[in-house]
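Hi,

Here's the structure I promised to pass on. Have a look at it first, and then my notes below should make more sense.

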Amino acid sequence: MNNTQNKTGKTTIELGRVKGENYGYKRSLAVTVDIELKDSEKGLVLSICGYIWNTKRTNIICGGQCNDELKHLLFRQQFTTFKPTFKDARRLFQIWERWHLNDMRAGCEHQRKAKWDEKLLDDTKPATQNNMATWTYRKDNPKGLLAEPCPECGYKYGTAWLFETIPADVIEFLTQFVKTYGDK
Ligand SMILES: [Zn+2]
């Protein structure tokens, strides 16, 4: 953790412009992403937020955890300009989804590996909040996982915010991404 100093900080990156008609505008709209790495007692904490701006850039149409939305727009070729390479963008979206707020994990490493957070109470129904096993106590549903212990370490799901260390290659990619696409 000794050379984290030059890696911390927040950078706003202009990703590109998206076709305005997706949001009822005639002109294209700017899309930015904020990438922030912060030092904490346990290690680096990542936060990524994305924004789609109105034409005057006075307000946001979509902001925060809009990675799914941005990914969709990119895959549907709705950007008129887009700064990063497709490969870099894909990796950024993967990292965003996987590592955003890595200091606020509801599950332990085993529960993450076993994908507790994807388990449904009823597999025939969509993954809405009411159908997520980790949102439900076992007393309310036999498939509920909230506060249930991990079979390996005993940690009870959702009873603390756990820290998960970001791998070095992810930090390296983000540092490089900011250097390549951030405004000087
Ligand atoms: Zn565990």
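First, a word on naming: helices are DSSP runs of H or I with at least four residues, strands are E runs of at least two, and both are numbered from the N terminus. By that count N67 belongs to helix α1, and I'll come back to this residue further down. Also keep in mind that this is a predicted model.

The overall picture

There are four helices and five strands in the chain. Reading from the N terminus, the order of elements is β-β-β-β-α-β-α-α-α. Along the principal axes, the C-alpha atoms fit a box of roughly 55 × 45 × 30 Å. Of the 184 residues, 21% are buried. If you take the contacts between residues at least 6 apart in sequence, 51% of them link residues at least 24 apart.

How the helices pack

Start with α1 (residues 67-75) and α2 (residues 86-99): their axes approach within 10 Å and cross at roughly 160°. Angles over 145 degrees count as roughly antiparallel, so that is what α1 is with respect to α2. The crossing of α1 past α2 is left-handed. On the α1 side the contact uses N67, K71 and L74, and on the α2 side A89, F93, W96 and E97. Sorted by class, that makes four nonpolar, one polar and two charged residues.

α2 also packs on α4. Here the axes come within 11 Å and cross at roughly 130°, and the two helices are therefore oblique to each other. This crossing, too, is left-handed. α2 brings D88, R91, L92, I95 and W99 to the contact, while α4 brings V170, F173, L174 and F177. The class count for this pair is seven nonpolar, no polar and two charged residues.

Back to N67

What does N67 touch, leaving aside its neighbours within four places in sequence? The list is G50, F93, W96 and E97. Is N67 buried, exposed or partly exposed? A residue needs 20 or more other C-beta atoms within 10 Å to be called buried, and N67 has 19, so it counts as partly exposed. Its C-alpha atom is 9.2 Å from that of Q94, which is 27 residues away along the chain.

The cores

In soluble globular proteins, nonpolar side chains tend to be buried together. In this model the largest nonpolar core has 27 residues, and the members that touch the most others are V31, L46, I52 and L174. At least two residues each come from β1 (9-18), β2 (29-40), β3 (43-53), α1, α2 and α4 (168-181). The biggest contributor is β3, with six residues.

If you want one residue to click on in there, try I52. Not counting residues up to four places away in sequence, I52 touches V18, L29, V31, I60, I61, C62 and C66. Another core, of five residues, lies apart from the largest one, and its members include W116, A133, L146 and Y157.

That's what I have so far. Shout if anything looks odd when you open it up.

Cheers

Definitions and conventions. Residues numbered from 1 in each chain as written. Predicted model: local features only at pLDDT ≥ 70, side-chain atom pairs only at ≥ 80, totals over all residues. Axes fitted to C-alpha atoms, helices over the stretch in contact; angles between N-to-C directions. Parallel < 35°, antiparallel > 145°, perpendicular 65-115°, else oblique. Left-handed = near helix turned anticlockwise from the far one by under 90°. Contact = placed C-beta atoms within 7 Å. Nonpolar A, V, L, I, M, F, W, Y, C, P; charged D, E, K, R; others polar. Core = buried A, V, L, I, M, F, W, Y, C linked by C-beta atoms within 7 Å. Buried ≥ 20, exposed ≤ 12 C-beta atoms within 10 Å, placed from the backbone.
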